[in-house]
There are 2 protein chains.
Amino acid sequence: MRLVVARCSVDYAGRLSAHLPLANRLLLLKSDGSVLVHSDSLSYKPLNWMSPPCVLTVLEPDEAQRDAGVTELWKVAQAKTADLLVISIHEVLHDSSHELGHDPGLQKDGVEADLQKLLAEQIELLGEGYRLVRREYMTAIGPVDILATDAAGGSVAVEIKRRGDIDGVEQLTRYLELMNRDPRLAPVSGVFAAQEIKPQARTLATDRGIRCVVLDYDAMRGMDDAHQRLF
Amino acid sequence: MRLVVARCSVDYAGRLSAHLPLANRLLLLKSDGSVLVHSDSLSYKPLNWMSPPCVLTVLEPDEAQRDAGVTELWKVAQAKTADLLVISIHEVLHDSSHELGHDPGLQKDGVEADLQKLLAEQIELLGEGYRLVRREYMTAIGPVDILATDAAGGSVAVEIKRRGDIDGVEQLTRYLELMNRDPRLAPVSGVFAAQEIKPQARTLATDRGIRCVVLDYDAMRGMDDAHQRLF
DNA sequence: GAATGTATCTCGTCC
DNA sequence: GGACGAGGTACATTC
């Protein structure tokens, strides 16, 4: 990894065109050839970048560019698309290289899969008499998160999200439409379960006869722990 | 901006829990207090990070940690949420600070707004006799990108996307449903226009009687330039 | 490789 | 400040 702090301007042409006026920035050159341009604020996202696979070539500035103060011209070209990033360097303030070696990568824990697992174990949260049929119930257009039955024995399709957005309601609607054509399942009612449900999503769901359930992740995890301790 | 290359392990607890095993990484400390942890590959996204506003405190490692090889313990706490990032530093390989100053920011060009403006100007691309009624036609559930009339004088709602995905078809469907309840507009037909239309989106649109139109951005811009030159 | 769904999404904009 | 939509979304997983 090479770290360069430089006064530079940057131009990108690809899926859009973008320009960064002359200023001091960090140029991050990774060993896979990728390049990131970071400013001193606005975390997370680089101001501009090129994803691998890509090739960096250092060009000599022409006379006009040299007159404008450009000392080095970096051309970063994407290998597959026609995307191009051009960095015009006016002054290098720092330049160092470092051997980092391979990174073992991030270990995550605590996402939608957890919510699904917990709700499957605590399906009675949806109401008395609810029974789990199975998780990831397969349909022609994809898996429904949870298929269950209610107290009356009717089928219930459950879509689980961390954040309940309008997209999730649309997704569940497509599943319900399809499943209600299957005489072995129909009628199938829908439950939209999420840690947080946006007002628009709730309105749309209610309008379509889909029940909304807000999940308390911490409480469910607590129940899970209690369950672990008891058995 | 402070650049630290160090052998370290990282733990994050917040919206999820995550752990990075011991390895060499770049720690990027920005002047707004934010921290980014980058590896030497996988461009763009940091392995882990903390967004501003946040506070960094350097702690002394306790005996057990010191025995495990930890020389410095960095605690980065989010000021608003309870998110916490803990960086256990075993060895510092590089440490430098740089004054970057303010960044003028990115200037963009070539997004959805452009496509909308161009198509409004060149509405005849949809077919002979098409006339623009207005851009951003307001409905109860949001603005339709373009409202037009076809050669027969019938209303046409146009949804424009850079990438035509299934979501866009759903969005247009909702608009059409609503607009067709308005006797002053009905019947309203739909056009789904995008630079690129995904097969699934095309299938769904066609199934719902929505016409798909692929837009050639470069050609439209060319027409626009020609238009500018002529008038 | 294409398609699909998630994200500690991030980031703008509009109300 | 919250909601909503777009992103050069990026990224993992599945088909």
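Biologist: Which residue in β7(B) stands opposite B:Ala13?

Modeller: That is B:Leu84. Before we go on, this is a predicted model, in which local features need pLDDT of at least 70 and side-chain atom pairs count only at pLDDT 80 or more, while totals for chains, interfaces and linings use all residues. Residues are numbered from 1 along each chain as its sequence is written, chains are lettered from A and ligands numbered from 1 in the order in which they are written, and side-chain values use heavy atoms, without hydrogens and water.

Biologist: How do you know that β1(B) and strand β7 of chain B pair?

Modeller: Strands here are DSSP runs (E, at least two residues; helices are H or I, at least four), numbered from the N terminus. Two strands pair if DSSP finds at least two bridges between them. β1(B) and β7(B) (residues 84-97) have 12 bridges in the antiparallel sense, so the pair qualifies.

Biologist: And what joins β1(B) to β2(B)?

Modeller: A hairpin, through three residues. The two strands run antiparallel, with 11 bridges, and B:Val4 stands opposite B:Leu27 in β2(B).

Biologist: How many bridges join β8(A) to strand β2 of chain B?

Modeller: Three, and the strands run antiparallel. Here the pairing reaches from one chain to the other, with A:Asp109 standing opposite B:Ser17. Since three bridges satisfy the minimum of two, this too is called a strand pair.

Biologist: What makes up the contact between the chains, and how much area is buried?

Modeller: Contact (heavy atoms within 4.5 Å) takes 56 residues from chain A and 56 residues from chain B. The buried area, meaning the accessible area (1.4 Å probe) that two parts lose on being put together, summed over both, is about 4900 Å², with carbon and sulfur atoms giving 56%. In chain A, the residues that lose the most area to chain B are A:Asp40, A:Tyr44 and A:Leu100, together 16% of what that side buries.

Biologist: Why is the link between B:Glu170 and A:Arg174 called a salt bridge?

Modeller: The rule asks for a side-chain nitrogen of Lys or Arg within 4 Å of a carboxyl oxygen of Asp or Glu. The closest N and O atoms of B:Glu170 and A:Arg174 are 2.9 Å apart, so the pair fits the rule. Across this interface the rule finds four salt bridges.

Biologist: Now the DNA: how do you know which residues surround DNA strand D?

Modeller: A residue is near a strand if one of its heavy atoms lies within 4 Å of it. There are 19 such residues around DNA strand D, A:Trp49 and B:Arg163 being among the closest. Of the strand's atoms within 4 Å of the protein, 73% belong to sugar or phosphate and the rest to bases.

Biologist: What makes A:Trp49 a polar contact of DNA strand D?

Modeller: A polar contact is a pair of N or O atoms within 3.5 Å; within protein, one must be able to donate a hydrogen and the other to accept it, and residues adjacent in sequence count only if both atoms are side-chain atoms. A polar backbone atom of A:Trp49 is 2.5 Å from a base nitrogen, so this counts. The side chain of B:Lys108 instead has an N or O atom 2.8 Å from a phosphate oxygen.

Biologist: Which atom of DNA strand C lies 3.2 Å from a polar side-chain atom of B:Tyr12?

Modeller: A base oxygen. On that strand, a phosphate oxygen is 2.3 Å from an N or O atom in the side chain of A:Lys161, and 18 residues surround the strand.
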